[in-house]
Amino acid sequence: MRTFLKILLTAVAVVVLANILPGVTVSGYLSAIIVAVVIAFLNMFVRPLLVFFTLPATLVTFGLFLFVINAIIILLADKLVDGFAVSGFFAALFFSILLSIFRSFLFSLLDDKK
């Protein structure tokens, strides 16, 4: 149930950011949900491989190269989902940064206080 809520919250963040940012478009709510699922799968399977293979660059840049990896994930989602479009690398970079901020805020609302 929590995973489903996280996917829906990510889809809401994708729709909000697509309406705010120039260069990022999403055709509808169903496309946003598909984008959220694709980003989740890419983060599970592709991101660890990219982090592993770019570990020297990540260490040299003190972790800042992880922003580039996040932008690559967004560009891959752009290629895989028809109703989602990102105009370029810097739009994907800015979108990924803001998406991370929105997701961390929205996911903090789900956390149970112990």
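**Exercise 1.** Determine whether L50 is buried, partly exposed or exposed in this predicted model, and describe its surroundings.

*Solution.* Step 1: locate the residue. L50 belongs to helix α2, which spans residues 29-53.

Step 2: apply the cut-offs. A residue is buried under 20% relative accessible area and exposed over 50%, with partly exposed in between. The relative accessible area of L50 is 22%, so L50 is partly exposed.

Step 3: list the contacts. Setting aside residues up to four places away in sequence, L50 touches I69, I72 and I73.

Step 4: compare sequence with space. L50 and G28 are separated by 22 residues in sequence, and their C-alpha atoms lie 30 Å apart.

**Exercise 2.** Classify N70 as buried or exposed, and state which residues it contacts.

*Solution.* Step 1: N70 is located in helix α4.

Step 2: the relative accessible area of N70 is 16%. The limit for a buried residue is under 20%, and N70 is therefore buried.

Step 3: with neighbours within four places in sequence left aside, N70 is in contact with R47, S96 and S100.

**Exercise 3.** Establish which side chain of opposite charge is nearest to D78, and how far away it is.

*Solution.* Step 1: D78 also lies in helix α4, which covers residues 65-80.

Step 2: the nearest side chain of opposite charge is that of K79, at 4.6 Å. A salt bridge requires a side-chain nitrogen of Lys or Arg within 4 Å of a carboxyl oxygen of Asp or Glu. D78 has no salt bridge, although it is buried.

Step 3: the contacts of D78, not counting residues up to four places away in sequence, are F84, A85 and V86.

**Exercise 4.** Describe how helix α1 packs against helix α5 and against helix α2.

*Solution.* Step 1: choose the descriptors. Two packed helices are characterised by the angle between their axes and the distance between those axes.

Step 2: treat α1 and α5. The axes of α1 (residues 2-20) and α5 (residues 89-110) come within 9 Å and cross at roughly 140°. Angles over 145 degrees would count as roughly antiparallel; α1 and α5 are therefore oblique to each other. The crossing of α1 past α5 is right-handed. Among the residues that meet here are L5, L9 and L17 in α1 and F95, F102 and L106 in α5.

Step 3: treat α1 and α2. Their axes are 8 Å apart, and the packing angle is about 120°. α1 passes α2 in a right-handed crossing. The participating residues include I7, A11 and V15 in α1 and Y29, I33 and A40 in α2.

Methods: Residues numbered from 1 in each chain as written. Predicted model: local features only at pLDDT ≥ 70, side-chain atom pairs only at ≥ 80, totals over all residues. Heavy atoms only, no water. Helix = DSSP H or I, 4+ residues; strand = E, 2+ residues; numbered from the N terminus. Buried < 20%, exposed > 50% of the residue type's maximum accessible area, 1.4 Å probe, protein only. Lys, Arg positive; Asp, Glu negative; His and termini not counted. Contact = heavy atoms within 4.5 Å. Axes fitted to C-alpha atoms, helices over the stretch in contact; angles between N-to-C directions. Parallel < 35°, antiparallel > 145°, perpendicular 65-115°, else oblique. Left-handed = near helix turned anticlockwise from the far one by under 90°.
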